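Let's walk through this model together, one region at a time. Keep the viewer open and turn it as you read.

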Amino acid sequence: MTKKKSGAAGTTSAKPRITPIANLAALTLREPKSSRVSKSTRGAKAVRPSKAHGEPKSNRESAPPRALRTAAAAVTSAVRTLMLESDGLAQLAAGLKGPLAGPFADAVQRLRAVSGRVIVTGIGKSGHVGQKIAATFASTGTPAFFVHPSEASHGDLGMVTRNDLILALSWSGETVELKPIITYSRRFAVPLVAVTSRSDSALGQNSDVVLLLPRAKEACPHGLAPTTSTTMQLALGDSLAIALLEARGFTAHDFKIFHPGGSLGANLKYVSDIMHKGDRLPLARSGMPMAEALVTMTEKSLGCLGIVDGKGRLLGVITDGDLRRHMGAGLLKANVDDIMTLKPKTISPGMLASAALELINASRITALFAVEKGLPVGIIHVHDLLRLGVA
């Protein structure tokens, strides 16, 4: 059979050329451009990277690790931020001792006189600060809530009444979104207090009281991100809330009404809310033999025993420590009067739980009797307080 040659008119393709194995060693793999060695460095001796950081040993010894350089820069930045924000607060405090004193006192008087609610408003970061200020007002006896400016112009202005007061926050005082609220306050004679850095702004010119913030330098190195400005807004809001709290005589007992939950709520509970009473009280009459008294003390499991006279008045207590100090053959033959500690520390049922815990810790004891007119009406143990989260 005759083989056909490949050509222009041929239909059979040529056989693939097979390179002999012996010639493969002469072939070179084509390297990516990024890994090719330039002509100027082809003859240079390669530096072997260190195992630890992949850098030449000389460089690794002369320069601090990257992680340390980054950490140092972060700390320096944080300190600079705090210093700049502290300077802003110092300027604000100076203003309150000077030109800001009158407007601040006026604002407090107006806020205190409000028969409705305080409507706090603001956009962006000022809005976030405003939400916190409204929450602080509400929890310290000044009814308040936050209204978003954009929502206000879409129906939420109906929340605002003539008996309310509007507290508007805007650094520039030219926030477009605040225009509907400003217009509404002027139309319906709703008092308007402004927190801004410009008294000549639209917000400043249309407000009844202007709380002018000092134009302190922002902590942001570009002077763009609200940092020092929002810190001053927040501090001024807290100052208003605390001034109102003190003017109203708002107490910790009042605070408990608005904040029953969490660790704050636990700290604001009264001893009467927590104490053991009735049959749970570990009590023994004066003159009782220690053999009987120990049975009662063990049954109640509170680590102490109150000794009362014939009229039920508390004379003394016996604690686990008293038992250890009198341990001996004659303990069971003695009576409670021989062992008890006279005039023990006591508390009132109306004392705050946090104050009771402080007294327990200071006295290095584990339990306290609650007494009214000399009569033991309850007992509180340190474990009861810790279980509730009192601190």
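Thr298 and Glu299 are the exposed residues on the face of helix α12 that is turned away from its buried side; exposed means over 50% relative accessible area, buried under 20%, and partly exposed in between, with a 1.4 Å probe and protein chains only. Helices here are DSSP runs of H or I with at least four residues, strands are runs of E with at least two, and both are numbered from the N terminus. This is a predicted model, in which local features need pLDDT of at least 70 and side-chain atom pairs count only at pLDDT 80 or more, while totals for chains, interfaces and linings use all residues. Residues are numbered from 1 along each chain as its sequence is written, and side-chain values use heavy atoms, with hydrogens and water left out.

Now turn α12 (residues 290–300) around: Met290, Ala293, Thr296, Met297 and Lys300 are its buried residues. They lie on the same side of α12 because they cover an arc of only 120° around the axis, the arc being that of the directions from the helix axis to the C-beta atoms. The buried residues of α12 pack against β6 (283–285), β7 (304–308), β8 (314–319), α13 (320–325) and α14 (336–339), where contact means heavy atoms within 4.5 Å. Right after α12 comes Ser301, with a positive phi near 55°.

Next, find the open sheet of five strands, which pair in parallel in the order β2-β1-β3-β4-β5; two strands pair if DSSP finds at least two bridges between them. β2 (144–146) and β5 (209–212) are at the edges with a single partner strand each, so one side of each has no neighbour in the sheet. From one strand to the next, the twist averages 20°. Strands β1 (residues 118–122) and β3 (residues 165–169) run parallel and are joined by five bridges; Thr121, for instance, has Ala168 in β3 as its bridge partner.

Two helices can be placed on this sheet. Helix α3 (residues 101–113) lies across β1, β3, β4 (192–196) and β5, running at about 130° to β5. Helix α6 (residues 179–187) touches β1, β3 and β4, and its direction makes about 150° with that of β4. Axes are lines fitted to C-alpha atoms, for helices over the stretch in contact, and angles run from 0 to 180 degrees between N-to-C directions.

What about the cysteines? Cys220 counts as buried at 12% relative accessibility, and Cys304 counts as buried at 6%. A search of the whole structure finds zero disulfides, meaning pairs of cysteine sulfur atoms within 2.5 Å.
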